[in-house]
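Work through the exercises below with the model open. Each task is followed by a solution in steps.

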Amino acid sequence: MGKRVTVAYALWATGGPLGLHHIYLGRDSHALLWMLTLGGFGVGWAREFLRIPAYVGQANQEAVGGKTRRRREAAPPVCLARFMGQVCVGIYFGAVAVIGLSSTSLFSLLVLPLSVGTGVFLVSTVGQQTSDLQKTMTACLITSPIFYGSVLSPLPISLAASVTATQHRRLAIAWLAFSAPLGYCIFHNTRAVVLYVSECLAELLDFFWFFPWLRSAVEYLLLLPYRLLCAVMCNFYKMFIM
């Protein structure tokens with residue numbers, strides 16, 4: 001039996017912010033997003049008043065013919081509303097992580113970027129859209145160390161993830177779009193970046209405390225580039241003095 005527009009509107013009016021109409025239409029990811037954000041902070045719920053008939057049509061079409069391969073293969077089209085939703089939900093998930101999980105180990109290295117990436121990915125896969133989870137999370141993990149220590153770090157992380165999610169088949173384009181501001185932050189906040197990297201390495205080595213020999217081996221490998229750089233610089237210095 002096909003889905004009815006009147007039933008969808010009734011569920012939208014009574015439990016829309018909790019995604020009841022999306023559950024009725026089989027849009028599970030959209031329903032989960034609405035539960036976590038109370039209907040897209042109310043804005044998305046109000047915007048759906050004009051989109052309910054289209055949602056019902058999609059649900060009935062999928063019930064008859066099944067999900068097409070196009071959903072899996074086609075890159076999502078650029079949509080300003082969806083992009084802004086990705087950014088806002090990414091920031092929201094990041095803010096929740098900062099409030100509740102900031103004392104967790106490896107927070108800036110893993111917890112914060114993965115939280116922001118989860119919010120962005122959830123929005124980017126709503127409906128018939130698709131995205132690449134691995135590339136979206138990679139953009140978050142790369143961007144997070146650059147803005148270490150900044151209270152506004154969820155914003156650039158969410159922006160980088162949103163661009164990557166929108167152009168998930170062109171990660172290089174997404175990275176190029178943020179290369180200038182990222183480069184500026186690296187040079188402007190070099191000390192914080194270096195401290196962040198050293199803290200991350202120290203926390204990584206703490207995982208191997210129960211295997212002292214393995215910890216020594218990992219520490220040697222991690223410090224090998226630094227030792228090689230010191231050796232090269234020492235040789236250049238000796239040649240210059242002589």
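Helices here are DSSP runs of H or I with at least four residues, numbered from the N terminus. The model is predicted.

**Exercise 1. Overall fold**

Task: State how many helices and strands the protein chain has, and how much of it is buried.

Solution.
- Step 1. Count the elements. The protein chain has 14 helices and 0 strands.
- Step 2. Read along the sequence. The pattern is α-α-α-α-α-α-α-α-α-α-α-α-α-α.
- Step 3. Check burial. Of the 242 residues in the protein chain, 34% are buried.
- Step 4. Look at sequence range. Among contacts with a separation of 6 or more, 64% come from residues 24 or more positions apart.

**Exercise 2. Two residues with positive phi**

Task: Place Leu38 in a helix and give its phi.

Solution.
- Step 1. Locate the residue. Leu38 belongs to helix H3.
- Step 2. Read the backbone. Leu38 is not a glycine, yet its phi is positive, at about 50°.
- Step 3. Classify the accessibility. Leu38 has 53% relative accessibility, and the cut-off for exposed is over 50%. Leu38 therefore counts as exposed.
- Step 4. Turn to Phe41. Phe41 is also found in helix H3. Its phi is positive too, near 60°, and Phe41 is a residue other than glycine.

**Exercise 3. The rings of Phe41, Tyr92 and Phe93**

Task: Decide how the rings of Phe41 and Tyr92 are arranged, then follow the pairing on to Phe93.

Solution.
- Step 1. Choose the quantities. A pair of aromatic rings is described by the distance of the centres and the angle of the planes.
- Step 2. Count the pairs. With centres required to lie within 6.5 Å, the count is 6 aromatic pairs.
- Step 3. Classify one of them. The ring centres of Phe41 and Tyr92 are 5.2 Å apart, and their planes stand at 80°. Planes over 60 degrees apart count as edge-to-face, so Phe41 and Tyr92 form an edge-to-face pair.
- Step 4. Place the partners. Phe41 lies in helix H3 (residues 28-41) and Tyr92 in helix H7 (residues 80-101). The pair links distant parts of the chain, 51 residues apart.
- Step 5. Continue to the next pair. Tyr92 and Phe93 are also edge-to-face, at 5.9 Å centre to centre and 70° between the planes.
- Step 6. Compare the accessibility classes. Phe41 is partly exposed at 44%. Tyr92 is partly exposed at 31%. Phe93 is buried, with a relative accessible area of 15%.

**Exercise 4. Two helix crossings**

Task: Describe how H3 crosses H7, and how H8 crosses H9.

Solution.
- Step 1. Choose the quantities. Two packed helices are described by the angle between their axes and the distance between the axes.
- Step 2. Take H3 and H7. Their axes come within 12 Å and cross at roughly 120°. H3 and H7 are therefore oblique to each other. The crossing is right-handed.
- Step 3. Find the contact residues. H3 contributes Leu33, Leu36, Thr37 and Phe41, while H7 contributes Cys88, Val89, Tyr92 and Phe93.
- Step 4. Take helix H8 (residues 107-124) and helix H9 (residues 133-143). Their axes come within 8 Å and cross at roughly 135°. That angle makes H8 oblique to H9. This crossing of H8 and H9 is right-handed.
- Step 5. List the residues that meet. The H8 side includes Leu109, Leu110, Pro113 and Leu114. Gly117, Thr118, Val120 and Phe121 also belong to the H8 side. On the H9 side are Leu133, Thr136, Met137, Cys140 and Leu141.

**Exercise 5. Charges over rings and a ring cluster**

Task: Identify the rings that Lys3 and Arg27 lie over.

Solution.
- Step 1. Start with Lys3. Lys3 lies over the face of Tyr24, 4.8 Å from the ring centre.
- Step 2. Move to Arg27. Its charged end sits over the ring of Tyr55, 4.0 Å from the centre.
- Step 3. Add the cluster. Tyr9, Trp12, Trp45 and Phe49 are linked by ring pairs.

**Exercise 6. The surroundings of Pro154**

Task: Say whether Pro154 is buried or exposed, and name its contacts.

Solution.
- Step 1. Locate the residue. Pro154 is in helix H10 (residues 154-166).
- Step 2. Classify it. Pro154 is buried, with a relative accessible area of 8%.
- Step 3. List the contacts. Neighbours within four places in sequence are left aside. Pro154 is then in contact with Ile91, Gly94, Leu112 and Val116.
- Step 4. Check Ser144. Pro154 and Ser144 are 10 residues apart in sequence and 8.2 Å apart in space, C-alpha to C-alpha.

Terms used. Residues numbered from 1 in each chain as written. Predicted model: local features only at pLDDT ≥ 70, side-chain atom pairs only at ≥ 80, totals over all residues. Heavy atoms only, no water. Phe/Tyr/Trp six-rings, centres within 6.5 Å; stacked < 30°, edge-to-face > 60°. Buried < 20%, exposed > 50% of the residue type's maximum accessible area, 1.4 Å probe, protein only. Lys NZ or Arg CZ within 6 Å of the ring centre and 35° of its normal. Axes fitted to C-alpha atoms, helices over the stretch in contact; angles between N-to-C directions. Parallel < 35°, antiparallel > 145°, perpendicular 65-115°, else oblique. Left-handed = near helix turned anticlockwise from the far one by under 90°. Contact = heavy atoms within 4.5 Å.
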